Amino acid sequence: MKKFFQSIFKALFSFNEAKDKTEEKAEDSVILEAIREKQIEEKVKNENAAFQEIAIDNPIKGDILNLSQVPDEAFASKALGDGFAINPQDNKVYSPIDGVVKVLFPTKHAIAIRNEQGIEILVHIGIDTVSLNGEGFETFVSLGEKVKKHQLLMSFDTKIIENKAKSLISPIIFVASEKIKEINIYYGKKEENMKAALIKIAN
Amino acid sequence: MNDYVIKKVLNNNVVIAEKENNEFILIGKALGYDFGKGGRVPENRIENIFVKHTANMGSNYKRVLESIDSKIVGVSEEIIHLCEKEFKSKLSNAIHVSLPDHINFAIRRIEKGINIENPFLNELKALYPKEYNMAHKALNLINEALNVNLPASETGFICLHIRAAITETDVSESLAYTKKIGDIIDIISKLMKKNINSSSLAYARTVTHINFMLERVKTNKTIRNLLLESIKKELYKEYDIAIKVAMKMEILFHVKIPEDEIGYIALHLKRLSDN
(Lines give C-alpha, C1' and ligand atoms only; values in the text may rest on other atoms or scores of the structure.)
Protein backbone atom coordinates (compact mmCIF):
# COMPACT_ATOMS: atom_id res chain seq x y z
CA MET A 1 0.00 0.00 0.00
CA LYS A 2 2.70 2.39 1.08
CA LYS A 3 4.75 1.75 -2.04
CA PHE A 4 1.70 2.47 -4.18
CA PHE A 5 1.10 5.89 -2.70
CA GLN A 6 4.79 6.69 -2.83
CA SER A 7 4.82 5.95 -6.54
CA ILE A 8 1.69 8.00 -7.25
CA PHE A 9 3.11 10.83 -5.15
CA LYS A 10 6.35 10.69 -7.07
CA ALA A 11 4.50 10.64 -10.37
CA LEU A 12 2.28 13.56 -9.45
CA PHE A 13 4.97 15.79 -8.06
CA SER A 14 7.89 15.09 -10.30
CA PHE A 15 6.31 15.98 -13.65
CA ASN A 16 8.00 19.35 -13.47
CA GLU A 17 11.49 17.95 -13.28
CA ALA A 18 13.39 17.48 -16.46
CA LYS A 19 13.62 13.84 -17.38
CA ASP A 20 15.06 11.87 -20.18
CA LYS A 21 13.03 9.14 -21.79
CA THR A 22 14.61 6.25 -19.94
CA GLU A 23 13.95 7.78 -16.53
CA GLU A 24 10.32 8.34 -17.46
CA LYS A 25 10.04 4.78 -18.67
CA ALA A 26 11.55 3.52 -15.41
CA GLU A 27 9.02 5.52 -13.43
CA ASP A 28 6.18 4.22 -15.54
CA SER A 29 7.15 0.69 -14.75
CA VAL A 30 7.43 1.48 -11.05
CA ILE A 31 3.90 2.86 -11.15
CA LEU A 32 2.71 -0.14 -13.13
CA GLU A 33 4.32 -2.41 -10.58
CA ALA A 34 2.64 -0.54 -7.76
CA ILE A 35 -0.74 -0.71 -9.49
CA ARG A 36 -0.31 -4.41 -10.06
CA GLU A 37 0.61 -4.90 -6.41
CA LYS A 38 -2.50 -3.06 -5.30
CA GLN A 39 -4.65 -5.16 -7.61
CA ILE A 40 -3.23 -8.33 -6.13
CA GLU A 41 -3.84 -6.99 -2.64
CA GLU A 42 -7.46 -6.23 -3.49
CA LYS A 43 -7.87 -9.64 -5.06
CA VAL A 44 -6.53 -11.38 -1.96
CA LYS A 45 -8.77 -9.26 0.26
CA ASN A 46 -11.77 -10.12 -1.90
CA GLU A 47 -10.92 -13.79 -1.86
CA ASN A 48 -10.63 -13.76 1.90
CA ALA A 49 -13.87 -11.86 2.16
CA ALA A 50 -15.55 -14.75 0.36
CA PHE A 51 -14.66 -17.00 3.27
CA GLN A 52 -16.45 -17.30 6.55
CA GLU A 53 -14.43 -17.69 9.71
CA ILE A 54 -15.56 -20.13 12.36
CA ALA A 55 -13.95 -20.29 15.77
CA ILE A 56 -13.52 -23.76 17.22
CA ASP A 57 -13.28 -23.79 20.97
CA ASN A 58 -11.21 -26.26 22.94
CA PRO A 59 -13.41 -29.19 23.99
CA ILE A 60 -11.09 -30.55 26.69
CA LYS A 61 -8.75 -28.64 28.97
CA GLY A 62 -5.20 -29.61 28.10
CA ASP A 63 -2.34 -29.34 25.62
CA ILE A 64 -3.26 -28.81 22.02
CA LEU A 65 -0.92 -30.84 19.83
CA ASN A 66 -0.37 -31.51 16.18
CA LEU A 67 -2.49 -34.31 14.79
CA SER A 68 0.65 -36.15 13.69
CA GLN A 69 1.40 -36.78 17.36
CA VAL A 70 -1.55 -39.12 17.73
CA PRO A 71 -0.22 -42.67 18.19
CA ASP A 72 -2.65 -44.12 15.66
CA GLU A 73 -2.13 -44.12 11.93
CA ALA A 74 -5.76 -43.78 10.98
CA PHE A 75 -5.93 -40.40 12.75
CA ALA A 76 -2.35 -39.21 12.28
CA SER A 77 -2.51 -39.81 8.53
CA LYS A 78 -5.56 -37.52 8.31
CA ALA A 79 -7.47 -40.36 6.70
CA LEU A 80 -10.59 -39.18 8.49
CA GLY A 81 -9.77 -35.52 8.03
CA ASP A 82 -7.55 -32.76 9.30
CA GLY A 83 -7.62 -31.46 12.85
CA PHE A 84 -5.58 -31.45 16.04
CA ALA A 85 -5.09 -33.50 19.17
CA ILE A 86 -5.45 -32.80 22.87
CA ASN A 87 -3.49 -34.22 25.76
CA PRO A 88 -6.20 -33.80 28.40
CA GLN A 89 -5.65 -32.27 31.79
CA ASP A 90 -9.24 -32.64 32.84
CA ASN A 91 -11.89 -35.28 32.27
CA LYS A 92 -14.76 -33.22 30.89
CA VAL A 93 -15.69 -32.73 27.23
CA TYR A 94 -17.47 -29.57 26.11
CA SER A 95 -18.96 -28.79 22.72
CA PRO A 96 -16.54 -26.87 20.47
CA ILE A 97 -19.35 -25.39 18.37
CA ASP A 98 -23.10 -24.84 18.25
CA GLY A 99 -24.75 -27.72 16.47
CA VAL A 100 -26.45 -31.08 16.55
CA VAL A 101 -25.12 -34.40 17.88
CA LYS A 102 -24.67 -36.30 14.61
CA VAL A 103 -22.80 -39.34 15.86
CA LEU A 104 -22.68 -40.82 19.33
CA PHE A 105 -20.62 -43.96 19.58
CA PRO A 106 -22.48 -46.65 21.55
CA THR A 107 -19.33 -47.23 23.59
CA LYS A 108 -19.43 -43.53 24.48
CA HIS A 109 -15.81 -42.77 23.74
CA ALA A 110 -16.44 -40.51 20.76
CA ILE A 111 -18.99 -37.97 19.59
CA ALA A 112 -19.48 -35.84 16.48
CA ILE A 113 -21.19 -32.47 16.40
CA ARG A 114 -22.32 -30.84 13.17
CA ASN A 115 -23.06 -27.13 12.89
CA GLU A 116 -25.51 -25.45 10.57
CA GLN A 117 -22.85 -24.78 7.94
CA GLY A 118 -22.28 -28.50 7.68
CA ILE A 119 -18.96 -28.55 9.51
CA GLU A 120 -18.71 -31.75 11.51
CA ILE A 121 -16.25 -32.16 14.37
CA LEU A 122 -15.38 -35.56 15.77
CA VAL A 123 -14.15 -35.59 19.36
CA HIS A 124 -12.50 -38.93 20.01
CA ILE A 125 -11.43 -39.61 23.59
CA GLY A 126 -8.15 -41.47 23.66
CA ILE A 127 -6.82 -44.16 21.36
CA ASP A 128 -8.18 -47.72 21.32
CA THR A 129 -10.62 -46.63 23.99
CA VAL A 130 -13.29 -48.64 22.22
CA SER A 131 -11.86 -51.67 24.00
CA LEU A 132 -13.07 -50.19 27.30
CA ASN A 133 -16.58 -50.85 26.04
CA GLY A 134 -17.93 -47.77 27.80
CA GLU A 135 -16.14 -48.22 31.11
CA GLY A 136 -15.61 -44.88 32.79
CA PHE A 137 -17.49 -42.91 30.11
CA GLU A 138 -20.58 -40.86 30.77
CA THR A 139 -22.64 -38.99 28.22
CA PHE A 140 -24.89 -36.04 28.99
CA VAL A 141 -26.44 -35.58 25.57
CA SER A 142 -28.17 -37.88 23.12
CA LEU A 143 -28.06 -38.50 19.38
CA GLY A 144 -29.86 -35.79 17.45
CA GLU A 145 -29.87 -33.36 20.33
CA LYS A 146 -29.16 -29.69 19.67
CA VAL A 147 -26.18 -28.48 21.64
CA LYS A 148 -24.66 -25.10 22.33
CA LYS A 149 -21.00 -24.20 22.29
CA HIS A 150 -19.37 -25.02 25.65
CA GLN A 151 -22.20 -27.34 26.65
CA LEU A 152 -21.03 -30.36 28.67
CA LEU A 153 -21.17 -33.39 26.38
CA MET A 154 -19.33 -36.20 28.10
CA SER A 155 -16.92 -37.14 30.82
CA PHE A 156 -14.37 -39.93 31.10
CA ASP A 157 -12.19 -41.63 33.65
CA THR A 158 -8.59 -40.58 33.08
CA LYS A 159 -7.10 -43.31 35.23
CA ILE A 160 -8.97 -46.12 33.52
CA ILE A 161 -7.97 -44.87 30.08
CA GLU A 162 -4.35 -44.46 31.10
CA ASN A 163 -4.26 -47.95 32.53
CA LYS A 164 -6.28 -49.92 30.06
CA ALA A 165 -6.28 -48.09 26.71
CA LYS A 166 -3.45 -47.29 24.32
CA SER A 167 -3.32 -43.54 24.93
CA LEU A 168 -5.17 -40.64 26.48
CA ILE A 169 -4.30 -38.36 23.57
CA SER A 170 -7.59 -37.39 21.97
CA PRO A 171 -7.89 -36.54 18.28
CA ILE A 172 -10.28 -33.76 17.27
CA ILE A 173 -11.12 -34.19 13.60
CA PHE A 174 -12.83 -31.88 11.12
CA VAL A 175 -14.84 -34.47 9.22
CA ALA A 176 -15.91 -33.46 5.68
CA SER A 177 -12.97 -31.11 5.48
CA GLU A 178 -13.46 -30.40 1.79
CA LYS A 179 -15.69 -27.46 2.73
CA ILE A 180 -12.85 -26.07 4.81
CA LYS A 181 -10.43 -23.87 2.93
CA GLU A 182 -8.03 -23.01 5.72
CA ILE A 183 -7.33 -24.31 9.21
CA ASN A 184 -5.33 -22.43 11.82
CA ILE A 185 -4.63 -24.29 15.05
CA TYR A 186 -3.58 -22.56 18.24
CA TYR A 187 -1.18 -25.03 19.79
CA GLY A 188 -0.16 -25.15 23.41
CA LYS A 189 -1.80 -25.24 26.80
CA LYS A 190 -5.45 -24.23 26.66
CA GLU A 191 -8.25 -24.09 29.16
CA GLU A 192 -11.52 -25.66 28.10
CA ASN A 193 -13.68 -23.47 25.86
CA MET A 194 -10.79 -21.24 24.86
CA LYS A 195 -10.23 -20.72 21.14
CA ALA A 196 -8.41 -23.81 19.79
CA ALA A 197 -8.66 -23.23 16.07
CA LEU A 198 -9.93 -20.88 13.41
CA ILE A 199 -11.25 -22.36 10.22
CA LYS A 200 -12.25 -20.65 7.00
CA ILE A 201 -15.02 -22.11 4.92
CA ALA A 202 -16.15 -21.03 1.47
CA ASN A 203 -19.43 -19.17 1.39
CA MET B 1 -28.67 -49.80 -55.76
CA ASN B 2 -29.25 -50.34 -52.06
CA ASP B 3 -25.98 -52.00 -51.36
CA TYR B 4 -23.19 -51.06 -49.06
CA VAL B 5 -20.17 -50.18 -51.12
CA ILE B 6 -16.83 -50.40 -49.35
CA LYS B 7 -14.91 -47.12 -49.34
CA LYS B 8 -12.07 -48.25 -47.12
CA VAL B 9 -10.90 -51.45 -45.52
CA LEU B 10 -9.86 -51.00 -41.89
CA ASN B 11 -8.97 -54.62 -41.34
CA ASN B 12 -10.10 -58.09 -42.37
CA ASN B 13 -13.38 -57.75 -40.48
CA VAL B 14 -14.09 -54.03 -40.40
CA VAL B 15 -14.81 -51.71 -43.32
CA ILE B 16 -16.09 -48.22 -44.00
CA ALA B 17 -18.91 -48.45 -46.49
CA GLU B 18 -21.28 -46.07 -48.21
CA LYS B 19 -24.96 -46.59 -48.84
CA GLU B 20 -27.29 -43.97 -50.29
CA ASN B 21 -24.72 -41.27 -49.62
CA ASN B 22 -24.34 -42.16 -45.94
CA GLU B 23 -21.23 -43.64 -44.46
CA PHE B 24 -21.18 -46.59 -42.10
CA ILE B 25 -18.72 -48.77 -40.29
CA LEU B 26 -19.55 -52.39 -40.99
CA ILE B 27 -18.33 -55.28 -38.95
CA GLY B 28 -18.57 -58.85 -40.07
CA LYS B 29 -16.34 -61.85 -40.47
CA ALA B 30 -13.90 -61.40 -43.33
CA LEU B 31 -15.76 -58.43 -44.85
CA GLY B 32 -12.54 -56.64 -45.67
CA TYR B 33 -10.83 -59.80 -46.76
CA ASP B 34 -13.60 -61.11 -49.00
CA PHE B 35 -14.86 -57.92 -50.61
CA GLY B 36 -12.12 -55.28 -50.58
CA LYS B 37 -12.33 -51.63 -51.57
CA GLY B 38 -15.17 -50.96 -53.98
CA GLY B 39 -16.78 -54.27 -53.18
CA ARG B 40 -20.48 -54.61 -52.42
CA VAL B 41 -21.33 -56.08 -49.01
CA PRO B 42 -24.36 -58.33 -48.83
CA GLU B 43 -26.56 -57.61 -45.79
CA ASN B 44 -26.41 -61.16 -44.52
CA ARG B 45 -22.67 -60.85 -43.95
CA ILE B 46 -22.98 -57.79 -41.69
CA GLU B 47 -22.87 -58.50 -37.98
CA ASN B 48 -22.87 -54.91 -36.74
CA ILE B 49 -23.33 -51.44 -38.20
CA PHE B 50 -22.10 -48.19 -36.76
CA VAL B 51 -23.42 -44.99 -38.28
CA LYS B 52 -20.38 -42.90 -39.04
CA HIS B 53 -21.74 -39.43 -38.67
CA THR B 54 -23.71 -39.46 -35.48
CA ALA B 55 -24.84 -36.04 -34.34
CA ASN B 56 -22.32 -35.04 -31.69
CA MET B 57 -19.61 -37.36 -32.84
CA GLY B 58 -19.01 -36.46 -36.45
CA SER B 59 -15.84 -34.40 -36.35
CA ASN B 60 -14.16 -36.40 -33.61
CA TYR B 61 -14.70 -39.66 -35.34
CA LYS B 62 -13.49 -38.17 -38.63
CA ARG B 63 -10.31 -37.09 -36.85
CA VAL B 64 -9.88 -40.60 -35.45
CA LEU B 65 -10.27 -42.19 -38.85
CA GLU B 66 -7.91 -39.75 -40.47
CA SER B 67 -5.14 -39.72 -37.92
CA ILE B 68 -5.15 -43.17 -36.37
CA ASP B 69 -3.91 -46.28 -38.10
CA SER B 70 -6.90 -48.02 -39.64
CA LYS B 71 -5.78 -51.32 -38.10
CA ILE B 72 -6.25 -49.76 -34.66
CA VAL B 73 -9.67 -48.42 -35.59
CA GLY B 74 -10.49 -51.83 -36.99
CA VAL B 75 -9.64 -53.78 -33.86
CA SER B 76 -11.43 -51.16 -31.72
CA GLU B 77 -14.62 -51.65 -33.70
CA GLU B 78 -14.28 -55.41 -33.29
CA ILE B 79 -13.85 -55.02 -29.55
CA ILE B 80 -16.90 -52.76 -29.33
CA HIS B 81 -18.88 -55.25 -31.35
CA LEU B 82 -17.82 -58.09 -29.03
CA CYS B 83 -18.86 -56.07 -25.98
CA GLU B 84 -22.23 -55.20 -27.47
CA LYS B 85 -22.81 -58.88 -28.14
CA GLU B 86 -21.74 -59.84 -24.63
CA PHE B 87 -23.71 -57.18 -22.80
CA LYS B 88 -26.63 -57.36 -25.21
CA SER B 89 -26.81 -53.59 -25.41
CA LYS B 90 -25.34 -50.80 -27.45
CA LEU B 91 -22.32 -49.04 -26.08
CA SER B 92 -22.26 -45.28 -25.84
CA ASN B 93 -21.06 -43.64 -29.07
CA ALA B 94 -18.12 -42.00 -27.37
CA ILE B 95 -16.22 -45.26 -27.18
CA HIS B 96 -15.84 -45.31 -30.97
CA VAL B 97 -13.53 -42.35 -30.46
CA SER B 98 -12.09 -42.98 -27.02
CA LEU B 99 -11.05 -46.58 -27.53
CA PRO B 100 -8.99 -46.17 -30.71
CA ASP B 101 -7.56 -42.99 -29.22
CA HIS B 102 -6.56 -44.84 -26.09
CA ILE B 103 -5.06 -47.80 -27.90
CA ASN B 104 -3.16 -45.46 -30.16
CA PHE B 105 -1.70 -43.56 -27.22
CA ALA B 106 -0.94 -46.76 -25.38
CA ILE B 107 1.05 -48.10 -28.28
CA ARG B 108 2.96 -44.83 -28.70
CA ARG B 109 3.70 -44.87 -24.96
CA ILE B 110 4.99 -48.43 -24.96
CA GLU B 111 7.14 -47.65 -27.99
CA LYS B 112 8.69 -44.76 -26.06
CA GLY B 113 9.16 -47.00 -23.05
CA ILE B 114 6.70 -45.02 -20.94
CA ASN B 115 4.87 -47.42 -18.69
CA ILE B 116 1.87 -46.13 -16.77
CA GLU B 117 1.01 -48.24 -13.77
CA ASN B 118 -2.61 -48.93 -13.01
CA PRO B 119 -2.94 -49.02 -9.22
CA PHE B 120 -6.59 -50.05 -9.31
CA LEU B 121 -6.43 -53.37 -11.14
CA ASN B 122 -7.75 -55.32 -8.18
CA GLU B 123 -10.53 -52.88 -7.43
CA LEU B 124 -11.56 -52.89 -11.08
CA LYS B 125 -11.56 -56.67 -11.19
CA ALA B 126 -13.83 -56.80 -8.16
CA LEU B 127 -16.08 -53.89 -9.14
CA TYR B 128 -16.58 -54.64 -12.81
CA PRO B 129 -15.86 -58.32 -13.38
CA LYS B 130 -17.72 -58.56 -16.70
CA GLU B 131 -16.08 -55.46 -18.14
CA TYR B 132 -12.71 -56.63 -16.83
CA ASN B 133 -13.16 -59.97 -18.53
CA MET B 134 -13.99 -58.28 -21.83
CA ALA B 135 -11.02 -55.96 -21.39
CA HIS B 136 -8.78 -58.98 -20.98
CA LYS B 137 -10.10 -60.43 -24.24
CA ALA B 138 -9.68 -57.03 -25.85
CA LEU B 139 -6.05 -56.85 -24.78
CA ASN B 140 -5.33 -60.19 -26.41
CA LEU B 141 -7.09 -59.11 -29.60
CA ILE B 142 -5.09 -55.89 -29.71
CA ASN B 143 -1.77 -57.56 -29.07
CA GLU B 144 -2.44 -60.15 -31.75
CA ALA B 145 -3.91 -57.90 -34.42
CA LEU B 146 -1.39 -55.11 -34.05
CA ASN B 147 1.60 -57.24 -33.18
CA VAL B 148 2.33 -55.32 -29.98
CA ASN B 149 2.83 -56.24 -26.37
CA LEU B 150 0.60 -54.01 -24.28
CA PRO B 151 1.08 -54.76 -20.57
CA ALA B 152 -1.53 -56.12 -18.16
CA SER B 153 -2.13 -52.67 -16.67
CA GLU B 154 -3.83 -51.81 -19.94
CA THR B 155 -6.58 -54.27 -19.07
CA GLY B 156 -7.55 -51.89 -16.29
CA PHE B 157 -7.71 -48.87 -18.55
CA ILE B 158 -9.66 -50.68 -21.25
CA CYS B 159 -11.99 -51.95 -18.53
CA LEU B 160 -12.67 -48.35 -17.50
CA HIS B 161 -13.47 -47.40 -21.08
CA ILE B 162 -15.85 -50.28 -21.49
CA ARG B 163 -17.50 -49.53 -18.16
CA ALA B 164 -17.94 -45.88 -19.07
CA ALA B 165 -19.41 -46.83 -22.43
CA ILE B 166 -21.83 -49.34 -20.92
CA THR B 167 -23.11 -46.93 -18.31
CA GLU B 168 -23.01 -43.85 -20.56
CA THR B 169 -20.69 -42.02 -18.18
CA ASP B 170 -17.20 -40.57 -18.42
CA VAL B 171 -14.09 -42.62 -17.95
CA SER B 172 -13.04 -40.03 -15.40
CA GLU B 173 -16.19 -40.75 -13.39
CA SER B 174 -15.47 -44.45 -13.21
CA LEU B 175 -11.86 -43.77 -12.36
CA ALA B 176 -12.79 -41.31 -9.62
CA TYR B 177 -15.22 -43.86 -8.19
CA THR B 178 -12.60 -46.58 -8.27
CA LYS B 179 -10.12 -44.36 -6.51
CA LYS B 180 -12.65 -43.54 -3.78
CA ILE B 181 -13.29 -47.23 -3.22
CA GLY B 182 -9.54 -47.66 -2.89
CA ASP B 183 -9.51 -44.90 -0.26
CA ILE B 184 -12.18 -46.71 1.74
CA ILE B 185 -10.25 -49.97 1.67
CA ASP B 186 -7.19 -48.02 2.75
CA ILE B 187 -8.90 -46.57 5.80
CA ILE B 188 -10.33 -49.96 6.72
CA SER B 189 -6.82 -51.40 6.70
CA LYS B 190 -5.55 -48.55 8.85
CA LEU B 191 -8.39 -48.85 11.37
CA MET B 192 -8.21 -52.63 11.59
CA LYS B 193 -4.43 -52.48 11.75
CA LYS B 194 -4.50 -55.24 9.18
CA ASN B 195 -3.24 -55.13 5.65
CA ILE B 196 -5.77 -56.72 3.35
CA ASN B 197 -3.86 -58.37 0.54
CA SER B 198 -5.08 -56.58 -2.55
CA SER B 199 -5.32 -59.69 -4.69
CA SER B 200 -7.11 -61.75 -2.08
CA LEU B 201 -10.70 -62.87 -2.04
CA ALA B 202 -11.23 -60.88 1.15
CA TYR B 203 -10.26 -57.74 -0.70
CA ALA B 204 -12.61 -58.42 -3.58
CA ARG B 205 -15.42 -59.22 -1.17
CA THR B 206 -14.89 -55.98 0.73
CA VAL B 207 -14.91 -53.96 -2.48
CA THR B 208 -18.09 -55.71 -3.51
CA HIS B 209 -19.69 -55.07 -0.14
CA ILE B 210 -18.95 -51.34 -0.28
CA ASN B 211 -20.08 -51.12 -3.89
CA PHE B 212 -23.42 -52.76 -3.26
CA MET B 213 -23.87 -50.88 -0.01
CA LEU B 214 -23.52 -47.59 -1.89
CA GLU B 215 -26.11 -48.80 -4.39
CA ARG B 216 -28.52 -49.66 -1.58
CA VAL B 217 -27.96 -46.37 0.19
CA LYS B 218 -28.38 -44.31 -2.99
CA THR B 219 -31.60 -46.09 -3.94
CA ASN B 220 -32.92 -46.32 -0.38
CA LYS B 221 -33.02 -50.08 -0.44
CA THR B 222 -31.38 -50.75 2.90
CA ILE B 223 -32.83 -53.80 4.60
CA ARG B 224 -33.57 -53.36 8.27
CA ASN B 225 -30.79 -54.88 10.31
CA LEU B 226 -32.49 -57.07 12.88
CA LEU B 227 -29.16 -57.84 14.46
CA LEU B 228 -28.24 -54.19 14.94
CA GLU B 229 -28.54 -54.01 18.73
CA SER B 230 -26.70 -57.29 19.09
CA ILE B 231 -23.94 -56.06 16.82
CA LYS B 232 -23.56 -52.82 18.77
CA LYS B 233 -23.21 -54.81 21.96
CA GLU B 234 -21.17 -57.85 20.97
CA LEU B 235 -19.14 -56.55 18.05
CA TYR B 236 -18.50 -53.18 19.66
CA LYS B 237 -14.94 -52.98 18.33
CA GLU B 238 -15.99 -53.67 14.75
CA TYR B 239 -18.92 -51.27 15.14
CA ASP B 240 -16.52 -48.52 16.23
CA ILE B 241 -14.48 -49.01 13.07
CA ALA B 242 -17.64 -49.28 10.98
CA ILE B 243 -18.84 -45.87 12.20
CA LYS B 244 -15.54 -44.33 11.14
CA VAL B 245 -15.68 -46.06 7.77
CA ALA B 246 -19.21 -44.75 7.32
CA MET B 247 -18.00 -41.22 8.14
CA LYS B 248 -15.34 -41.53 5.46
CA MET B 249 -17.91 -42.79 2.98
CA GLU B 250 -20.20 -39.89 3.76
CA ILE B 251 -17.39 -37.50 2.90
CA LEU B 252 -16.33 -39.27 -0.27
CA PHE B 253 -19.70 -40.13 -1.73
CA HIS B 254 -21.94 -37.45 -0.23
CA VAL B 255 -24.47 -39.93 1.09
CA LYS B 256 -25.89 -40.57 4.52
CA ILE B 257 -25.14 -44.10 5.74
CA PRO B 258 -27.95 -45.47 7.90
CA GLU B 259 -27.21 -47.37 11.11
CA ASP B 260 -28.44 -50.62 9.59
CA GLU B 261 -25.67 -50.42 7.01
CA ILE B 262 -23.09 -49.56 9.66
CA GLY B 263 -24.14 -52.77 11.32
CA TYR B 264 -23.61 -54.74 8.10
CA ILE B 265 -20.20 -53.18 7.69
CA ALA B 266 -19.35 -54.26 11.24
CA LEU B 267 -20.40 -57.81 10.42
CA HIS B 268 -18.26 -57.78 7.33
CA LEU B 269 -15.28 -56.44 9.27
CA LYS B 270 -15.70 -59.23 11.79
CA ARG B 271 -15.47 -61.74 8.95
CA LEU B 272 -12.37 -59.99 7.68
CA SER B 273 -10.67 -60.09 11.06
CA ASP B 274 -11.52 -63.75 11.57
CA ASN B 275 -9.82 -64.85 8.38
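Start the tour at the hairpin of β2(B) and β3(B): 2 residues lie between the strands, and Glu20(B) takes a positive phi near 50° there. The model on screen is predicted.

**Stop 1: the strands around the hairpin**

Select residues 14-19 of chain B, which are strand β2, and then β3(B); the two pair in the antiparallel sense over 6 bridges. For one pair of facing residues, pick Val15(B) and look across to Leu26(B) in β3(B).

Stay on β3(B) and colour residues 22-27 by burial. The strand is mostly covered, with 5 of its 6 residues buried.

Next add residues 48-51 of chain B, strand β5. This strand runs antiparallel to β3(B), and 4 bridges join them. Here the pair to pick is Ile27(B) and Asn48(B), the latter in β5(B), which stand opposite each other.

**Stop 2: chain B as a whole**

Zoom out and show chain B alone. Its secondary structure comes to 12 helices and 5 strands. Along the principal axes, the C-alpha atoms fill a box of roughly 75 × 40 × 30 Å.

Chain B has 275 residues, and 53% of them count as buried. With a surface drawn, the accessible area comes to about 13,800 Å², and 51% of that belongs to carbon and sulfur atoms.

Now consider contacts in chain B with a separation of 6 or more: residues 24 or more positions apart account for 64% of them. Colouring by charge brings up 39 positive and 35 negative charges, whose mean positions are 3 Å apart.

**Stop 3: two cysteines in chain B**

Select Cys83(B) and Cys159(B). Why is there no bond between them? The sulfur of Cys83(B) has its closest cysteine sulfur in Cys159(B), but at 9.9 Å that is too far for a bond. A disulfide needs the two sulfur atoms within 2.5 Å. The search from the other end gives the matching result, since the cysteine sulfur closest to that of Cys159(B) is in Cys83(B), 9.9 Å away. Over all chains, the count of disulfides comes to 0.

Are these cysteines buried or exposed? Cys83(B) counts as buried because its relative accessibility is 1%, and Cys159(B) counts as buried because its value is 0%. The cut-off for buried is under 20%.

**Stop 4: two helices of chain B**

Select residues 201-218 of chain B, helix α9, and find Asn211(B) in it. Asn211(B) counts as buried, because its relative accessibility is 15%. Not counting residues up to four places away in sequence, Asn211(B) touches Leu127(B) and Tyr177(B).

Move on to residues 259-274 of chain B, helix α12, which holds Tyr264(B). Which residues does Tyr264(B) contact, leaving aside its neighbours within four places in sequence? They are His209(B), Ile223(B), Arg224(B) and Asn225(B).

To try a distance, join the C-alpha atoms of Tyr264(B) and Asp183(B). They are 19 Å apart in space, with their positions 81 residues apart in sequence.

**Stop 5: chain A as a whole**

Hide chain B and show chain A. There are 4 helices and 14 strands here. Of its 203 residues, 42% are buried.

Chain A exposes about 10,700 Å², of which carbon and sulfur atoms supply 52%. Among its contacts between residues at least 6 apart in sequence, 68% join residues at least 24 apart.

**Stop 6: an open sheet in chain A**

Select β4, β10 and β8 of chain A. These 3 strands form an open sheet in the order β4-β10-β8, with antiparallel pairing. The edge strands are β4 (92-94) and β8 (138-139), each of which pairs on one side only.

Look at β4(A) beside residues 152-155 of chain A, strand β10. The two pair in the antiparallel sense over 3 bridges. Pick Lys92(A) to see Ser155(A) of β10(A) opposite.

**Stop 7: a buried isoleucine in chain A**

Finish at residues 51-57 of chain A, strand β1, and select Ile56(A) within the strand. Ile56(A) counts as buried, because its relative accessibility is 0%.

Show what surrounds Ile56(A). Beyond its neighbours within four places in sequence, its contacts include Pro96(A), Ile97(A), Ile121(A), Phe174(A) and Met194(A). Also among them are Lys195(A), Ala196(A), Ala197(A) and Ile199(A).

As a last distance, take Ile56(A) and Ser95(A): they are 39 residues apart in sequence, and their C-alpha atoms are 9.2 Å apart in space.

Methods. Residues are numbered from 1 along each chain as its sequence is written. Chains are lettered from A and ligands numbered from 1 in the order in which they are written. This is a predicted model: local features need pLDDT of at least 70, side-chain atom pairs count only at pLDDT 80 or more; totals for chains, interfaces and linings use all residues. Side-chain values use heavy atoms; hydrogens and water are left out. Buried means under 20% relative accessible area, exposed over 50%, partly exposed in between (1.4 Å probe, protein chains only). Contact means heavy atoms within 4.5 Å. Accessible areas come from the Shrake-Rupley method with a 1.4 Å probe; for residues, only the protein chains shown count as cover. Lys and Arg count as positive and Asp and Glu as negative; His and the chain ends are not counted. The place of a charge is taken as NZ of Lys, CZ of Arg, CG of Asp or CD of Glu. Two strands pair if DSSP finds at least two bridges between them.
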